[in-house]
Amino acid sequence: MRKVYAIASILWILTTIPSNSISYADNINLVADEWCPYNCLPNKDQPGFIIEIAKYAFEREGHEVHYTLIPWARAVRETRKGKYTGIVGAGRKEVPDFIFPENELGFAAHTFFVNRGVTWKYTGIKSL
């Protein structure tokens, strides 16, 4: 269900820091469930483009970025408690108490494509 919230916009990295846990630590601990290509498997050459952006931005400022995959509900709950610095892939409706940037790094729009001349249109689950 969380992915439905992300249709309008996906706000990334530190966009989801709970307002009561902002810190300027040397370690940035990001968490999420897997949602490739945004955030993929940790410790790979291609951990997802949002993770790559976070590492590029924070490591050049002297911070160390750690990225872990855990179930989504736990990621939200434990970030809210301050165990993690931020979560990747949350939307404002889902975690309105978190801090979001003015500009997101990306968003998802779920769409269907058909061949030219096909008249099918999505009208709900039954139309699939």
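User: Before we start, how are helices and strands assigned here?
Analyst: They're DSSP runs, with at least four residues for a helix and at least two for a strand, numbered from the N terminus. Keep in mind that this is a predicted model.

User: Fine. How many helices and strands does the chain have?
Analyst: Three helices and five strands. Going along the sequence, the pattern reads α-β-β-α-β-α-β-β.

User: And what share of the residues is buried?
Analyst: Buried residues account for 40% of the 128 in the chain. The accessible surface is about 8,400 Å², and carbon and sulfur atoms supply 53% of that.

User: What about contacts along the sequence, how many of them join residues at least 24 apart?
Analyst: 70%, counting contacts between residues at least 6 apart in sequence.

User: OK, the sheet. What's the strand order?
Analyst: β3-β2-β4, in an open sheet of three strands with parallel pairing. The edges are β3 (64-69) and β4 (86-87); each has a single partner strand, so one side of each has no neighbour in the sheet.

User: How many bridges between β2 and β3?
Analyst: Six, in the parallel sense, with β2 covering residues 27-32. If you want a spot to look at, isoleucine 28 has valine 65 in β3 as its bridge partner.

User: Which strands does α2 touch?
Analyst: Helix α2, residues 49-59, packs on the sheet and touches β2 and β3. Its direction makes about 155° with that of β3.

User: Switching to backbone oddities. Where's the cis peptide bond?
Analyst: Between cysteine 36 and proline 37, with omega at about 15°. Proline 37 is in the loop between β2 and α2.

User: What's the phi of asparagine 43?
Analyst: Positive, about 60°, even though this residue isn't a glycine. Asparagine 43 also lies in the loop between β2 and α2.

User: Is asparagine 43 buried or exposed?
Analyst: Exposed: its relative accessible area is 79%, and the cut-off for exposed is over 50%.

User: Now α3. Which residues are buried there?
Analyst: In α3, which spans residues 72-80, the buried ones are Trp72, Ala75, Val76, Glu78 and Thr79. After the helix comes glycine 82, with a positive phi near 95°.

User: Hang on, Glu78 is charged. What does glutamate 78 form a salt bridge with?
Analyst: Lysine 83, with the closest N and O atoms 3.6 Å apart. Glutamate 78 has a relative accessible area of 15%, so it falls under the 20% cut-off for buried. Lysine 83, on the other hand, is exposed at 54%.

User: How many salt bridges does the structure hold?
Analyst: Two. Besides the pair you just asked about, aspartate 97 bonds with arginine 80 in a salt bridge whose closest N and O atoms are 2.7 Å apart. That pair links distant parts of the chain: aspartate 97 is in the loop between β4 and β5, arginine 80 is in helix α3, and they're 17 residues apart.

User: How accessible are aspartate 97 and arginine 80?
Analyst: Aspartate 97 is partly exposed at 34% relative accessible area. Arginine 80 counts as partly exposed too, at 32%.

User: Last topic: which residues form the nonpolar patch on the surface?
Analyst: Phe112, Val114, Val118, Trp120, Tyr122, Ile125 and Leu128, with about 710 Å² of accessible area together.

User: Where does valine 114 lie?
Analyst: In the segment after β5 (98-99). Valine 114 is partly exposed, with 42% relative accessibility.

Key: Residues are numbered from 1 along each chain as its sequence is written. This is a predicted model: local features need pLDDT of at least 70, side-chain atom pairs count only at pLDDT 80 or more; totals for chains, interfaces and linings use all residues. Side-chain values use heavy atoms; hydrogens and water are left out. Buried means under 20% relative accessible area, exposed over 50%, partly exposed in between (1.4 Å probe, protein chains only). Contact means heavy atoms within 4.5 Å. Accessible areas come from the Shrake-Rupley method with a 1.4 Å probe; for residues, only the protein chains shown count as cover. Two strands pair if DSSP finds at least two bridges between them. Axes are lines fitted to C-alpha atoms, for helices over the stretch in contact, and angles run from 0 to 180 degrees between N-to-C directions. Patches are made of residues with over 30% relative accessible area and no salt bridge: like charges are joined within 9 Å, nonpolar side chains (Val, Leu, Ile, Met, Phe, Trp, Tyr) within 5 Å. A salt bridge is a side-chain nitrogen of Lys or Arg within 4 Å of a carboxyl oxygen of Asp or Glu.
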